[in-house]
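Reader: I would like to understand how the words used for a structure follow from its numbers. Could you take me through the reasoning term by term?

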Amino acid sequence: MRILVVDDEPAIRYSLVELLEADGHAVSAVEHAPAGLAALEADAADLILADLRLPAMNGLQLLDEVRARFADCAFVLMTAHGDERTAVQALKAGAWDYVPKPFDNEEIRGVVRRVHETLALRAENARLREEL
């Protein structure tokens, strides 16, 4: 699966890239939302893991842009500064999930695994519909 990490903290970007590449995913990482949108234009991703607090554009604004321009891309919001209201707002706006920081590696793996399974089922469903 192709994953894009958008986080302004270098340590978070590095740890997510290492973790997810070790699981066999193709992972790229950028430090802010405009770079994330440019990366999506250049090479589509299946999943975006994005921080809430980003320079230039916050994670919820990025979510809105992704939903408008890359509707098939799953989006997971991560934050150390959120609350239940932020989580509900993200989910209502179309986020796949909401992960509080600090996160556990197994939590991230679980979210990625669920996204991967759902995308695989959607692709299989589309293929079967075509056959019919």
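**Burial and salt bridges**

Author: K101 is buried, and D51 is buried as well; the word buried stands for a relative accessible area under 20%, exposed for over 50%, and partly exposed for what lies in between, with a 1.4 Å probe and protein chains only. This is a predicted model, in which local features need pLDDT of at least 70 and side-chain atom pairs count only at pLDDT 80 or more, while totals for chains, interfaces and linings use all residues. Residues are numbered from 1 along each chain as its sequence is written, and side-chain values use heavy atoms, with hydrogens and water left out.

Reader: Why is the pair K101 and D51 called a salt bridge?

Author: The term asks for a side-chain nitrogen of Lys or Arg within 4 Å of a carboxyl oxygen of Asp or Glu. In K101 and D51 the closest N and O atoms are 3.3 Å apart, so the pair satisfies that limit. K101 belongs to the loop between β5 (97-100) and α5 (105-131), whereas D51 belongs to strand β3 (residues 47-51), so that the pair links distant parts of the chain, 50 residues apart; helices (H or I, at least four residues) and strands (E, at least two) are DSSP runs, numbered from the N terminus.

Reader: What makes E41 and R69 a salt bridge, and which parts does the pair tie together?

Author: Their side chains meet at 2.6 Å, N to O, and therefore fulfil the distance condition of a salt bridge. Because E41 lies in helix α2 (residues 33-42) and R69 in helix α3, the pair ties together parts that are 28 residues apart in sequence.

Reader: Why is R69 called partly exposed?

Author: R69 has a relative accessible area of 39%, and it is called partly exposed because this value falls between the two cut-offs. R69 also meets E65 in a salt bridge of 3.2 Å, N to O, and these two residues both lie in helix α3, 4 residues apart, about one turn of the helix.

Reader: How do you know that V66 is buried?

Author: V66, which is found in helix α3 (residues 59-69), has a relative accessible area of 0%, so it falls under the limit for buried. V66 touches L37, L40, I48, A71, C73 and F75, leaving aside residues up to four places away in sequence, where contact means heavy atoms within 4.5 Å.
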